[in-house]
2 protein chains.
Amino acid sequence: MSDSVSDAGAAQASEHDHQRCVEDALAGAEGLCADSGTRFTELRRRVLQEVWRGHDAVKAYDILERLGEPHRTAKPPSVYRALQFLQEQGLVHRLESLNAFVGCAEPGRTHQGQFLICHGCGQVREIHADAVSEAVVRSAREAGFQVQRQMVEVLGTCERCQ
Amino acid sequence: MSDSVSDAGAAQASEHDHQRCVEDALAGAEGLCADSGTRFTELRRRVLQEVWRGHDAVKAYDILERLGEPHRTAKPPSVYRALQFLQEQGLVHRLESLNAFVGCAEPGRTHQGQFLICHGCGQVREIHADAVSEAVVRSAREAGFQVQRQMVEVLGTCERCQ
DNA sequence: TCCTGTATGTTATGTTATAACATAACTCAA
DNA sequence: TTGAGTTATGTTATAACATAACATACAGGA
């Protein structure tokens, strides 16, 4: 089951320099943590690297399995804690409908993203459509509701898979 | 933990005739199943009744515990199967961010709902804001993405809890 | 060096969900 | 009314996802 992951990663790799993509993400994370005075430890780096394995959502237990040395004996809490840290730093997002995680496309910016999840190839694209987040806030307000966080996950077919 | 459920149910009960609310839901379900030629069995009725215990989200295992006779020995698959059936009939919705279920406010209508989840009282309100679902479809289309299903779950504070 | 706070390790368990196969109960037609 | 086909539920086992609670290690400043 966990291999839709590597397949999608591979598919993506043929289109862009994914190596580079990952390196950028890691370098960005390093900078961001330096700025915020938090520690981008070896484990956190490694977990983030696994999240960026491809552009599809990655499961916590898949990450756990793939951590090599010196984390081979890591247990679930280590991974979940690293993921929580990365979420707090805005470096990864959790997809509620998949119980899985994706790297944030634009860390450093505070934003309300929406996630387009292709069930053909498994790839997840993050967009930031103000029209959506504003419509949510407006509609909620009409119901007397004050928004703190919105989760918008869209299941469908990406351009390539149509 | 499962008692935020009954609390919220009670709070709601003081404002409207919840007994009636449940009865309407069950009667509606019965009609809808009759129309669609599906069987609204005792178990399914009972599960739906538990989902309608209040206006907050209900967990599968809480339902399981509360099924009385003659379902006292039911196991998880029975509940999950009933819930799946009810979802297929559009009688309940699953809230992905809570791993929990709510009764559908307007079964019979095909729609893309949004869910306002109050973390004060736990109540969940379903709205159908075309502005939201249309913005989602438009924004996705701009990304070349064809939408099949959208999940919009909004966490915040309801009018009463502000 | 020692103190403090933060990160990770470790053990155990809680929570959510489904696969796979067995049995029962309904439906309809002969 | 009975038996074949279908749908629903029971049953057993386990998979998949997640965290509580406490122990240890490690970084950085006084």
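So, which class of residue, nonpolar, polar or charged, do we find on the surface near DNA strand C, and how many of each? Keep that in mind while I say one thing up front: this is a predicted model.

Okay, the DNA. There are 22 residues around DNA strand C, and the closest are Thr41(A), Leu43(A), Lys75(A), Pro77(A) and Ser78(A). Two helices of chain A, H3 (42-51) and H5 (76-88), each put two or more residues on that surface, and so do H4 (60-66) and H5 (76-88) of chain B. H5(A) has the largest share, with five residues. And back to my opening question: the surface near DNA strand C has eleven nonpolar residues, six polar ones and five charged ones.

Next, how the two chains relate. If you turn chain B by 180°, with a shift of 0.0 Å along the axis, you can lay it on chain A with an RMSD of 0.1 Å. That's the relation of a two-fold axis. If you want to find the axis on your screen, look for Val152(B), which comes closest to it of the residues of chain B, with its C-alpha at 2.3 Å.

Now, where do they touch? We have 32 residues of chain B in contact with 32 residues of chain A. On the chain B side, E3, E4, H6 and E5 each supply at least two residues, and E5(B) gives the most, with twelve. By class, that side of chain B has 16 nonpolar, ten polar and six charged residues. The copies meet through the same surface, because 100% of the interface residues of chain B are also interface residues in chain A.

Last stop, helix H6 of chain A, residues 130-142. This helix has 13 residues and reaches 18 Å from its first C-alpha to its last, close to the 18 Å expected. Its buried residues are Val132(A), Ser133(A), Ala135(A), Val136(A), Ser139(A) and Ala140(A). They cover an arc of only 160° around the axis, so they sit on the same side of H6(A). Here's the general idea: an α-helix has 3.6 residues a turn, so residues three or four places apart point the same way.

What do those buried residues pack against? In chain A, strands E3 (114-118) and E5 (146-157); in chain B, E3 (114-118), E4 (124-127), H6 (130-142) and E5 (146-157). Flip to the other side of H6(A) and you'll see Asp130(A), Arg141(A) and Glu142(A), which are exposed. And just after H6(A), Gly144(A) takes a positive phi of about 75°.

How values were computed: Residues numbered from 1 in each chain as written. Chains lettered and ligands numbered in written order. Predicted model: local features only at pLDDT ≥ 70, side-chain atom pairs only at ≥ 80, totals over all residues. Near = placed C-beta within 6 Å. Helix = DSSP H or I, 4+ residues; strand = E, 2+ residues; numbered from the N terminus. Nonpolar A, V, L, I, M, F, W, Y, C, P; charged D, E, K, R; others polar. Expected span 1.5 Å × (residues − 1). Buried ≥ 20, exposed ≤ 12 C-beta atoms within 10 Å, placed from the backbone. Arc of directions from axis to C-beta. Contact = placed C-beta atoms within 7 Å. Least-squares fit on C-alpha atoms with pLDDT ≥ 70 in both.
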